[in-house]
Amino acid sequence: MSIVAYPRVGESVHRQTLSNGLEVITVSKPYHTKSYAFFAVRYGGMDLRFRVDGMWRDTPAGIAHYLEHKMFDMEEGSVMAEFAQRGASDNAYTSNAMTAYYFTSTSCFYENLRTLLRFVSIPYFTQESVDKERGIIAQEIQETEDDPDWRVYANLMECLYQNSPVRVPVTGSVESIRQITPQTLYECHGAFYTPSNMVLVCVGDVDPGRVAEEAETILPKEGGSAVLRDYGSEELLTPARHEIAQSMEVSMPMFLAGYKCRPQSGGSETLRQSIIGDMACDVLFGSSSPLYTRLYEEGAVNSSLGGNFDMLPGAEYVYVGGDAKDPRRIFNEITQQAQKLGREGIDEDFYQQIRRAAYGGMLRSLNSLENIAVSMAEGHFRGFDYFRFPEIFDTVSKADVEAFLRENISLDRAALSIIQPLH
Amino acid sequence: MTRQKLMENVYLTCVPSMKFKTSLLSAQMVVPLSQETAGHNALLVNVLNRGTVRCPDMSAIGRELDMLYGAQLAPSVRKKGENQLFGFAASCIDDCYLPKGEKLLEKLTDLLGEFFCTPDTKGGRLRRDYVESERENLADMIRSIMNDKRAYASHRLLESMCAGERYGVGRVGDANGVEKISLPSLDRRYREVLPKGRLELFYCGSAPEQRVAGAFTRAFAALPRQGTIEPVPTLRRPSREPYQVITETMDVTQGKLCMGFRIDGEDKAAAMLMNAMFGGATTSKLFCNVREKLSLCYYADSAYHRLKGLVTVSAGIECCDYSRAVEEIFRQLDALGRGEWEDWELEGARQSLLNGLRAMDDSAGAMEDFVMGQAAAGTDETIPGLTAAIRAVTPERIQEAAQSVKPDTIYFLKAKEECP
């Protein structure tokens, strides 16, 4: 087991790789009442085509999310009652590249941890329960159909990408989930839910040795073999189409613009690129940027304008959106401003201002045990150490941010998704 | 946690804590919620947020906050019982994480004080351009509640159920009312509420209380104090008989069902537990039976409005399942009234509440909200006190609480297509 102290962020971390390949990370929070355990699988909505036992398998859209719903069933019943009786609150989510199960508790941490480890590692599906879940998930999908924030994002991804499975919603569709059976769920669990493809992060006043011991006892002894994934042929940097519009029950038009960025190779460069991308967003349209303040003062946008840089396997993009009476105009202004900054450079004082704010923002995010756990898990899967951000920050220069804007934020990389009011 | 009077009708609550990366500061006016002033107050904070004499526009404010290592300072408007809280919440990196021993607390507190006391004005009046643009933004924001159908349905339920009561007034007023606010009337409201309103100040962080009190006293030295507007106690009413049903139609695929109930009686701890068993926790009857067992809803939960004595249910359903869902929700409530539950349902609900209370200690924001709620209600409950009260609730008291829950209003947002 290794113990690393991070004085610049005031944290210390225990790391241990178990003999089955599971990475166990414990972040000590001696003053907190609450403890948080986060058990994640490197498997998400994007992982639809993969190779197992030498054969390529195609699975229906939405299967990782469906599997997440069904994992809570054990032979003896739903596991939620077990957590609830100890006052713990448990939940799970599926994103494009990750499925995560977690709980928070203020007592009985190790009992809850054992429940978490057990239910995520033991699959139990019956035809009846899988069929029943279909109705619940179909309703969840229908709810997203009525949600303009979701629609504007889903439409953008469909425009932005040609082959990448990020263009398919994580929940799948009412049609695609019809093909899911207990058998397909068992196969996907067997392929991805292996210790070497997972990470356990605990944050709180907990004993790292005990956490590792519990995981060693409950989880399988074998780590499992690496799964090869197919994310489609390499993406062009141009979008599949440049614009999409849909009418819905909304009070005013809303938009989301996306700019395709060149994917990075991984490792510590990933964290550096993420810091550069986030700072580029702050410089370009953050709430203290000249563009934001001008558009706000003109009444062209309101405080809903915002966005960020997102990194998914093989797909990286900047997104920005909000409510606006004239979305196309805002989109053009943002694109032009990025090119101008790339060409003429960012004002030195303004850059220093944004740099300070961005650093403070990253430190602030560590107030949340949940954020810490997610960042640690993502760091593990993608090969970086999140708590090293102060050191990486020191290596980022104004020229890096300018180059990011110049290269990525241009019309030929962009797509625009608009939701218009029906009336 | 300590509470002290800093000036006439100005109180400061301090929560010393070493465990957060940031310190939280908050300054909130607490005034009665009313149809006439709710929109004014909400608009006022948004106008004050636009500029002060020292930082007269958004870029100047943005620069000030960025240079304080990304400090945040944002308007906040809340409804607590039948009072409205409006003001600003701010946070900055705690001194121990700053290079070269820089100190941010005094600078951020000063800025907070400037937002109230020295806004950027023209000819002694609030700036017309700021008032007009924020008036439009606020009206747009209120109208955009309809974008989120779940929130919209809950909003419409309370509006219809509590029409004519303070509680039925929207947190930030209504869009049509806001659009009619003129510069002179907003200016009048500012001059009236600033000297009279109760001001609640809050700090959570590593600085000693004396330093915090000193910083706030200096920052709010220019706050006029003359006359008082006190928060009001929340009034309770009996349920409508028979209950009313309101249906609206929209172009949506999923129906949103909201049900509003009123509780008779004063046993709040029993009502909290009863609500957790009904639909407030994952062991609840609505979750286990209506969602999981019968698959009638994608979500179904309930909330207990402690200060007002209401229980509201919110569920996403297939429009055709409306009658079945309503019937089933009533059936679950009746079961609680008859004392029909397993031990684990009660203990699960109790543990979930206790866990929530204990975990508040780990969130400066949750503590601030609790303190402000107490100030608005004029009560002095504590977390240990509530914890003890929840532990002491007996099954009989839960049953009694459930029997006193009576339906008042059902609101249903349904799709245009008729059911087959």
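**A walk through the sheet, its helix and some salt bridges**

Let's start with a single side chain in this predicted model: A:Arg262 has 46% relative accessibility, so it counts as partly exposed. Its salt-bridge partner is A:Glu407, with 3.3 Å between the closest N and O atoms. This pair ties together distant parts of the chain, 145 residues apart: A:Arg262 sits in the loop between β14 and α8 (268-285) of chain A, and A:Glu407 belongs to helix α14 of chain A. A:Glu407 is partly exposed too, at 37%.

Follow helix α14 (residues 398-408) of chain A and you'll see it lying across β14 (254-261), β15 and β16 of chain A, at about 105° to β14(A). Those strands are part of an open, mixed sheet of five in chain A, ordered β13-β17-β14-β16-β15. Its edges are β13 (243-248) and β15 (306-312) of chain A, each pairing on one side only. At the β15(A) edge, seven bridges connect to antiparallel β16 (residues 315-323) of chain A; A:Gly307, for instance, is partnered with A:Val320 in β16(A).

Elsewhere in chain A, A:Asp230 and A:Arg49 form a salt bridge at 2.8 Å, N to O. Here the partners are 181 residues apart, A:Asp230 in the loop between β12 (228-229) and β13 of chain A and A:Arg49 in strand β5 (residues 49-52) of chain A.

Now hop to chain B, where B:Glu328 and B:Arg331 make a salt bridge at 3.1 Å. They are three residues apart in helix α11 (residues 322-337) of chain B, so about one helical turn separates them. B:Glu328 is buried at 11%, while B:Arg331 is partly exposed at 44%.

How values were computed:
Residues are numbered from 1 along each chain as its sequence is written. Chains are lettered from A and ligands numbered from 1 in the order in which they are written. This is a predicted model: local features need pLDDT of at least 70, side-chain atom pairs count only at pLDDT 80 or more; totals for chains, interfaces and linings use all residues. Side-chain values use heavy atoms; hydrogens and water are left out. Two strands pair if DSSP finds at least two bridges between them. Helices (H or I, at least four residues) and strands (E, at least two) are DSSP runs, numbered from the N terminus. Contact means heavy atoms within 4.5 Å. Axes are lines fitted to C-alpha atoms, for helices over the stretch in contact, and angles run from 0 to 180 degrees between N-to-C directions. A salt bridge is a side-chain nitrogen of Lys or Arg within 4 Å of a carboxyl oxygen of Asp or Glu. Buried means under 20% relative accessible area, exposed over 50%, partly exposed in between (1.4 Å probe, protein chains only).
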